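Okay, everyone, thanks for coming. Let me put the structure up and we'll walk through it together.

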Amino acid sequence: MLPFLFLEKHYFYKGVNPSGFLLANWRWGAGASLGDLWVPGIPNNMPAILPSTVTTSLKVSDLMLDSLAWNDALVRSTFSVGDAEAILSIALSTRRVEDRCVWRLESDGVFSVKTAYSHSFSLSPSRRPNTLNVNGEFWKKIWKGGIPTSVRVHAWRVCNKILPSLEMLASKHVELDSHICVLCETKQECTLHLCCNCPYTKLVLQTNSSVCQVCFDAQTEGFGIIEWLSFCAKQLPQKAFEELLYLLWNVWNERNNRVWKQKKSLAIDVALRACAGLAEFRLHNVRARF
Ligand SMILES: [Zn+2]
């Protein structure tokens, strides 16, 4: 069994693949190759091996003596002065344990989706974790069980600005024939336009008077998509807010039918379908509870 490098507060990682995306991490022990990322406190955690004496097929354990101390002379002849000092400053464990896989972003080494998500966004120059300026009540209203999961997920994508609208696709350098909204065929398509400003969407929302009254309140002039939806969530009772989300999901489906199936429906038909669909969902869900 290979001796284990005792690292105290340090972990050694092999955390980044060639594309720069975090995959997994190994707590490197003495079984690590000299070419691995195993030395804390130096750039990239990878020591520069001097070009004469050894190859990267050697293991860290080859730098140790049987007494579980560093082979000072071998370390100094193998690495640059700074890297050798960094290596020799690592205290060795008297225990002999295997290397093990840890998640370096958690103190207990256990993988979590939350830290992976934050880290992957932090690596991307174009995206950052969303810090939406909304409170927990807003999310509760979306995630309550009164609408199908697909509708809730659609609302969540809208809020997180990941709906693949033409504007969003263009920002990802996707080549597009047109940036014009297929519903109104006049304005550029973005999430705010699809959900709120598009004349076609307005026709759909106008079929529900309580929803319409809040959605097009003069106060919402100039709001972004989050502010607008958050305002609607605050002002509308739960059921009416669910109806709004259901209508918006149906508008998105209509948009997709036009893009992918070349099928068009009138706004009134989309609204009637949405109304019938939600009524049926509510009926079955009420029945399911009893
Ligand atoms: Zn439009």
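So, to kick off: what covers the buried residues of α4? Before we get there, keep in mind that this is a predicted model.

Right, α4. The buried residues here are Phe 138, Lys 141 and Ile 142. They span an arc of only 100° around the axis, so they end up on the same side of α4. Flip to the other side of α4 and you get Gly 136, Glu 137, Lys 140 and Trp 143, which are exposed. And back to my question: the cover over the buried residues of α4 includes α5, α10 and α11.

Let's zoom out a bit. We've got 12 helices and two strands in the chain, and the order along the sequence goes β-α-α-β, then helices from there on. There are 290 residues, 28% of them buried. If you take contacts between residues at least 6 apart in sequence, 59% link residues at least 24 apart.

Now the cores. The largest nonpolar one has 42 residues, and Val 204, Cys 232 and Leu 244 are among those with the most contacts inside it. Elements giving two or more residues to this core include α4, α5, α10 and α11, and α11 provides the largest share, with nine residues.

Take Cys 232 as a stop on the tour: leaving out residues up to four places away in sequence, Cys 232 touches Val 214, Cys 215, Phe 241 and Leu 244. Then there's a second, separate core of seven residues, with Val 39, Val 60, Phe 79 and Ile 87 among them.

That's my bit, over to you.

Note on methods. Residues are numbered from 1 along each chain as its sequence is written. This is a predicted model: local features need pLDDT of at least 70, side-chain atom pairs count only at pLDDT 80 or more; totals for chains, interfaces and linings use all residues. Helices (H or I, at least four residues) and strands (E, at least two) are DSSP runs, numbered from the N terminus. A residue is buried if 20 or more other C-beta atoms lie within 10 Å of its own, exposed if 12 or fewer, and partly exposed in between; C-beta atoms are placed from the backbone. Two residues are in contact if their C-beta atoms, placed from the backbone, lie within 7 Å. A nonpolar core is a set of buried Ala, Val, Leu, Ile, Met, Phe, Trp, Tyr and Cys residues joined through C-beta atoms within 7 Å. The arc is that of the directions from the helix axis to the C-beta atoms.
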